[in-house]
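Student: Could you take me on a close look at one part of this model, the sheet and whatever packs around it? I'd like one connected story rather than a list.

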Amino acid sequence: MYTRPLANLIEQLQRLPGIGPKSAQRLALHLLKRPDTEISALAEALLNAKQQVGQCSICHHLSAEPVCTICADTRRDPHTLCVVIDSRDVIALEKTREYRGKYHVLGGLISPMDGIGPDQLFIQSLVRRVSGGAIAEVILAISPSVEGETTTLYVGSLLAPFTKVTRIAFGIPMGGDLEYADEITLAKAMEGRRPLELG
Ligand SMILES: [Zn+2]
């Protein structure tokens, strides 16, 4: 149906999240019409981002530097930590412009079904950060789902001996990712946070 190079491009595009066969075909045909310079810029941006973006050595948020701009920002409150699943959540919360503390990215949820245990997540580094005693509050901003609850309670029970642990309000839809909540809902969820109850 397609000439080989075009088929390859469509195949690669189709691997991207949210891109089905029709979208892949539309994107591929669109790209073929663009000037060479634009295509080179796109290819270069892809490679550069992949090669240069790693993670912050403190909070594990995406960063091109060893320490991310949020951790390095001395105007932010160093005594409040917001724990999230991944960098998309950091970006979503930053967009609300309400939160002025620091973050800790776990890198996923505890999910025995998928073979993901606490050791595969950045939980040890979180406990190290909090056990130092300088953190006055840890806000668990993990959206509610079965795995979300497991992770929230597990992390909360590890941190409770060292600091006040709160969780954001459930204004956000069950099982929904933080990034899909609008900014006002997210800001309200953060504002309405309450102490974590450990059974
Ligand atoms: Zn950081």
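**A close look at the sheet and its surroundings**

Tutor: Let's start with where things sit: the C-alpha centres of domain 1 and domain 2 lie 34 Å apart. Keep in mind that this is a predicted model. Domain 1 covers residues 4-52, and domain 2 covers 72-195. Taken along the principal axes, the C-alpha atoms of the chain fill a box of roughly 60 × 35 × 35 Å. In total you'll find eight helices and seven strands in the chain.

Now for the sheet. Five strands make up an open sheet, and if you walk across it you meet β4, β3, β5, β6 and β7 in that order, with mixed pairing. The edges belong to β4 and β7 (194-195); each has a single partner strand, so one side of each has no neighbour in the sheet. Helix α6 packs on this sheet, where it touches β3, β4 and β5, and its direction makes about 170° with that of β3.

Zoom in on one pair of strands. β5 runs parallel to β6 (residues 164-167), and four bridges join the two. One residue to look for here is leucine 140, whose bridge partner in β6 is arginine 167.

Next, the greasy part. The largest nonpolar core has 35 residues, and the ones that touch the most other members are Cys82, Val83, Val84, Val138, Leu140 and Ala141. So which elements give two or more residues to this core? They are β3 (80-84), α5 (87-96), β4 (102-105), α6 (124-131), β5 (137-140), α7 (146-159) and α8 (183-191). β3 supplies the largest share, with four residues.

Try clicking on alanine 141. Leaving out residues up to four places away in sequence, alanine 141 touches Cys82, Val83 and Val84, along with Asp89, Leu93, Ile168 and Leu178.

Leu93 turns up again when you look at two of the helices. The axes of α5 and α8 come within 9 Å and cross at roughly 95°. That angle makes α5 roughly perpendicular to α8. On the α5 side, the contact is made by Ala92, Leu93, Lys95 and Thr96, while α8 brings Glu183, Leu186 and Ala187.

Finally, step back to the whole chain. Buried residues account for 26% of its 199 residues. And among contacts between residues at least 6 apart in sequence, 55% join residues at least 24 apart.

Definitions and conventions:
Residues are numbered from 1 along each chain as its sequence is written. This is a predicted model: local features need pLDDT of at least 70, side-chain atom pairs count only at pLDDT 80 or more; totals for chains, interfaces and linings use all residues. Domain bounds come from an automatic or database domain assignment. A nonpolar core is a set of buried Ala, Val, Leu, Ile, Met, Phe, Trp, Tyr and Cys residues joined through C-beta atoms within 7 Å. A residue is buried if 20 or more other C-beta atoms lie within 10 Å of its own, exposed if 12 or fewer, and partly exposed in between; C-beta atoms are placed from the backbone. Two residues are in contact if their C-beta atoms, placed from the backbone, lie within 7 Å. Two strands pair if DSSP finds at least two bridges between them. Axes are lines fitted to C-alpha atoms, for helices over the stretch in contact, and angles run from 0 to 180 degrees between N-to-C directions. Angles under 35 degrees count as roughly parallel, over 145 as roughly antiparallel, 65 to 115 as roughly perpendicular and the rest as oblique.
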